[in-house]
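Trainee: I have this protein open on my screen and would love a close look at one part of it. Could you pick a helix with the sheet beside it, go through that slowly, and then show me how the rest compares?

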Amino acid sequence: KGQIYRVNASGDVYQLRMWIPQEKKYLRKSLKTRDFETAKKRAEEIIFQTFSDVQSGRKIFGSSLKELITAFLEWRWKDVEGGIITKGRHSTLITQTNRILEFKSGDLKLAELDSNSFYDWEQWRKKEYNAKSVTIRNEQSTINQMMEFGYREGFCHFQKFEFRKIKISRDDIGRRDIFTLKEYDKLVRFLRSYSSVKECPDKYQRLERLMVRDCVLIASNTMLRVGELWGLEWRDVVTIEKTKDALDKDIHLATINIRPEISKVRTSRRIITRGGEYLERLKKNSTHTAPDNHLFCAIGGTTPLDRKKWYLHWKNLMNGIGIENYKERQLTWYSLRHFGITCRIRAKVPYLEISKIAGTSVTHIETHYGHFDDDMLKQTALQNFSVNADGLSYTL
């Protein structure tokens, strides 16, 4: 069924050669040992596994890494069409698989890979991109999901790669920086000039900047995820009510339906949040406000604004307020959700109520979003108590 041999070029390391009749080619592999008995045992395992794969209809030759990635992304797109995952999640899969093609050539045949071919993935990602451990862990999960698909569809002869074990501390999980109150105030003031006629005389460009301005304000008030925010349609905005807040200030409350197809957790929820006045202003400036039109459309059209434009505007905003290291701090559009949740915590809103609006668990908020700034920490330190005849008396 096969042959093991040594040649001078291999430095006495044993090689395996076996003929695959169905594909009329020889399979050649290094057995990575100079010991005959070990080589013989490894060769037998490979031979039996290979013939098992052939009988199961899996291709031993022919399919490349690039072909597997393309087929995997096409398969996952069907999940988008079926409402199983969001378009945003599919975009993440594209980004993750593009990293694979940086690590290994897309022309590489799958038969040339083995379970240890991606063992140093973590080491490479940290060296080349300084990627965080939690990011790398998510990428490894996607890679092995792709391999399971490839094994099931006959692209490859093994189900998953072996990776180094990753140690992730609690602080590594979802801990992004957020805006300070001064930075956010500076952002709001900069948005006024950024969307002004003086700074942007072109009518259509200014309309786009006005939309970006309102998006920032709506995001920080509603605490929506970015995918939920950009996926909103006008039919999702149920009502906008003018009322008074706890400090007797005028406020516009918006009732919004979050459809399951735009929710990260694929469940619907109904929320009532601040920021209704920004939704009204956005609608006034929008060119398309039919029920099934997106809130944040490309100017003059009905398709959502391209993500590249969102990121370009974000870059302009961050540079405009002097936060040039925003990438290192991981300040993104998602940070507006973090800021909004932190402000609700600062206002002493119970975590349970925040979790219902944000669409996540109380534990998740405590772990991922409980960013306490210096003012909040100072208020905690200033709390005191005294002892009287009735016992402890706390003062704030």
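Mentor: Happy to! One cut-off first: a residue is called buried under 20% relative accessible area and exposed over 50%, with partly exposed in between. Please keep in mind that this is a predicted model. To try the cut-off out, take Asn-130, which has a relative accessible area of 64% and therefore counts as exposed. Met-223 has a relative accessibility of 1%, so it counts as buried.

Now for the part you asked about, starting with the sheet. Strands β1, β2 and β3 form an open sheet in that order, and their pairing is antiparallel. At the edges are β1 (3–5) and β3 (25–30), each of which pairs on one side only. From one strand to the next, the twist averages 25°. Three bridges hold β1 in antiparallel pairing with β2, residues 15–20. If you would like a pair to click on, Gln-3 has Arg-17 in β2 as its bridge partner.

Helix α1, residues 36–55, packs on this sheet and touches β1, β2 and β3. The direction of α1 makes about 25° with that of β2.

Before leaving the strands, look at how β2 continues into β3. The two run antiparallel and are joined by six bridges. They form a hairpin with four residues between them, and in the turn Lys-24 has a positive phi of about 55°. Ile-20 has its bridge partner in β3, namely Lys-25.

Back to α1, this time from its start to its end. Asp-35 caps the N-terminal end, with a side-chain oxygen 3.4 Å from the backbone nitrogen of Glu-37. Is the length of the helix what one would expect, or not? At 1.5 Å a residue, the 20 residues of α1 should span 28 Å, and the end C-alpha atoms are indeed 28 Å apart, so the two values agree. Just after the helix comes Gly-57, with a positive phi of about 90°.

Next, turn α1 so that you look along its axis. Its buried residues are Ala-39, Ala-43, Ile-47, Thr-50, Asp-53 and Val-54. These residues cover an arc of only 130° around the axis, so they sit on the same side of α1. What do they pack against? The partners are β1, β2, β3 and α5. On the face turned away from the buried side you will find the exposed residues Glu-37, Lys-41, Phe-48 and Gln-55. Glu-37 thus appears twice in our tour: its backbone nitrogen lies by the cap, and the residue belongs to the exposed face.

For comparison, here is the other sheet. Three strands form an open sheet in the order β4-β5-β6, again with antiparallel pairing. The edge strands are β4 (237–244) and β6 (269–273), and each pairs on one side only. Neighbouring strands here are turned by 15° against each other on average, direction ignored. Seven bridges join β4 to β5, residues 250–258, and Lys-242 has His-252 in β5 as its bridge partner. A helix packs on this sheet too: α9, residues 276–285, touches β4 and β5, and its direction makes about 75° with that of β5.

On the other side of β5, five bridges give antiparallel pairing with β6. Asn-257 is matched there with Arg-270. Arg-270 and Ile-272 make up the uncovered face of β6, while Arg-269, Ile-271 and Thr-273 form the covered one.

Let me return to the two residues we began with, since their backbones deserve a look. Asn-130 lies in the loop between α4 (121–129) and α5 (133–152). Its phi is near 55°, a positive value in a residue other than glycine. Met-223 belongs to the loop between α7 (203–222) and α8 (226–231), and it too is a residue other than glycine with a positive phi, near 60°.

One last stop is Ser-355, in helix α12, residues 351–358. With a relative accessible area of 7%, Ser-355 is buried. Leaving aside neighbours within four places in sequence, Ser-355 is in contact with Thr-360, Ser-361, Val-362 and Ile-365.

Key
Residues numbered from 1 in each chain as written. Predicted model: local features only at pLDDT ≥ 70, side-chain atom pairs only at ≥ 80, totals over all residues. Heavy atoms only, no water. Pairing = 2+ DSSP bridges. Axes fitted to C-alpha atoms, helices over the stretch in contact; angles between N-to-C directions. Contact = heavy atoms within 4.5 Å. Buried < 20%, exposed > 50% of the residue type's maximum accessible area, 1.4 Å probe, protein only. Expected span 1.5 Å × (residues − 1). Arc of directions from axis to C-beta. Polar contact = N/O pair within 3.5 Å; in protein donor to acceptor, adjacent residues only side chain to side chain.
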